[in-house]
Amino acid sequence: YWIPFHLLFLATKPQVFGQEMGAIDILARWSGVLGPIIGGLVISQLGFSGLFWWGIGMILISILPIWFLEPSKLSWDFHLGHYWEKLSSRWFRKDLLAFVGQGLEETMYGTIWPVVLFGILGGSHLALGGYQTVTLLMGSLLVLFIGRKIDHEAVANYARWAIVGLSVLWLARGYVSDKWVLLGIDTLRDWVAIFAFIPFGVYIYRRALTGDSPLYVVEREAAINIGRVLAVVLVGLILVLGGDWRWMVWIGIVGVFLIGLFPTYEADRKG
């Protein structure tokens, strides 16, 4: 799904990549808030079977725009041997490491952290849902602001400082147990992440335009999945060795550091 989604987004004018990405991000955030509410209403009226049919319908609707992509735009030649050659390629090396880092950080924050947070909140699904809803809502306006700013000027320095901030917040998350302080940390994380991930996302699309776009998008997804698998393996290894969450936060820190390796688009364009 995501490969053709990115290819479809590449049809956007490069001059408004950040603005369009910000708008999509806001829609995704509000959908993330409304989804559980609508799901609850569907379950109460139609049961769990109704929820599954509802989900299938939403997936089919989301696929409709992708069907309008012309087959000629989906032609690419991908094989594993060629992919691993990119490790020695200066053009793709930092991109590859950054994507692996993205997979690490996303998995730790989006999958492992909620499990840990569920225990901190006393095993309450309601408290966890409320917590996540607050953090989703808080960043919406800032997403639109930074997205527009990216389209008109370089924001590489913002991204670098944001990487440092995200690392500090990951470290703090390993030593704080008060739920209200954690709520503040995660809200701040959402704000800081906007300054790192939207410039990174815009860089990805601009970068894809300079080469074989379908192949680049496929390689990106492959690298992110490598990071996801690596994160799960490392978490399992830490548990086997008797470690706890304080050890695991370093996986997130490493992921953020790797994301910070992506070169600025301005530097790439000069090169």
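**Exercise 1. Decide whether Arg 90 counts as buried, partly exposed or exposed, and place Arg 90 in its surroundings.**

Solution. In this predicted model, Arg 90 has a relative accessibility of 77%. The cut-off for an exposed residue is over 50%, and therefore Arg 90 counts as exposed. As a next step, look for the element that holds this residue: Arg 90 is found in helix H4. Finally, consider the neighbourhood on the surface, where Arg 90, Arg 93, Lys 94 and Arg 160 form a positive patch. Helix H4, which covers residues 90–120, gives the most to this patch, with 3 residues.

**Exercise 2. Work out which parts of the chain the salt bridge between Glu 106 and Arg 228 links, and how accessible each partner is.**

Solution. Begin with the pair itself: the side chains of Glu 106 and Arg 228 meet in a salt bridge, with a distance of 3.3 Å from N to O. The two partners belong to distant parts of the chain, since Glu 106 lies in helix H4 and Arg 228 in helix H9, 122 residues apart. For the accessibility, compare each value with the range between 20% and 50% that defines a partly exposed residue. Glu 106 has a relative accessible area of 33% and is therefore partly exposed, and Arg 228, at 32%, counts as partly exposed too.

**Exercise 3. Find out whether Arg 189 and Asp 190 are buried or exposed, and describe the salt bridges around them.**

Solution. The cut-off needed here is that a buried residue has under 20% relative accessible area. Arg 189 has a relative accessible area of 8%, so this residue is buried; Asp 190, at 8%, also counts as buried. Their side chains meet in a salt bridge of 3.5 Å, taken from N to O. A further step brings in Glu 105, which is linked with Arg 189 and Asp 190 in a network of salt bridges. In the whole structure there are 6 salt bridges.

**Exercise 4. Name the buried residues of helix H1 and say what covers them.**

Solution. Helix H1 spans residues 2–9, and within this helix Pro 4, His 6, Leu 7 and Phe 9 are buried. What covers these buried residues includes helix H2 (17–63), helix H8 (179–209) and helix H9 (213–240). To see the setting, turn to the chain as a whole, which comes to 11 helices and 0 strands, and in which buried residues make up 42% of the 271 residues.

Definitions and conventions: Residues numbered from 1 in each chain as written. Predicted model: local features only at pLDDT ≥ 70, side-chain atom pairs only at ≥ 80, totals over all residues. Heavy atoms only, no water. Patch = residues over 30% accessible without salt bridge, like charges linked within 9 Å, V, L, I, M, F, W, Y side chains within 5 Å. Areas by Shrake-Rupley, 256 points an atom, 1.4 Å probe, with all protein chains shown as cover. Salt bridge = Lys/Arg side-chain N within 4 Å of Asp/Glu carboxyl O. Lys, Arg positive; Asp, Glu negative; His and termini not counted. Charge placed at Lys NZ, Arg CZ, Asp CG, Glu CD. Helix = DSSP H or I, 4+ residues; strand = E, 2+ residues; numbered from the N terminus. Buried < 20%, exposed > 50% of the residue type's maximum accessible area, 1.4 Å probe, protein only. Contact = heavy atoms within 4.5 Å.
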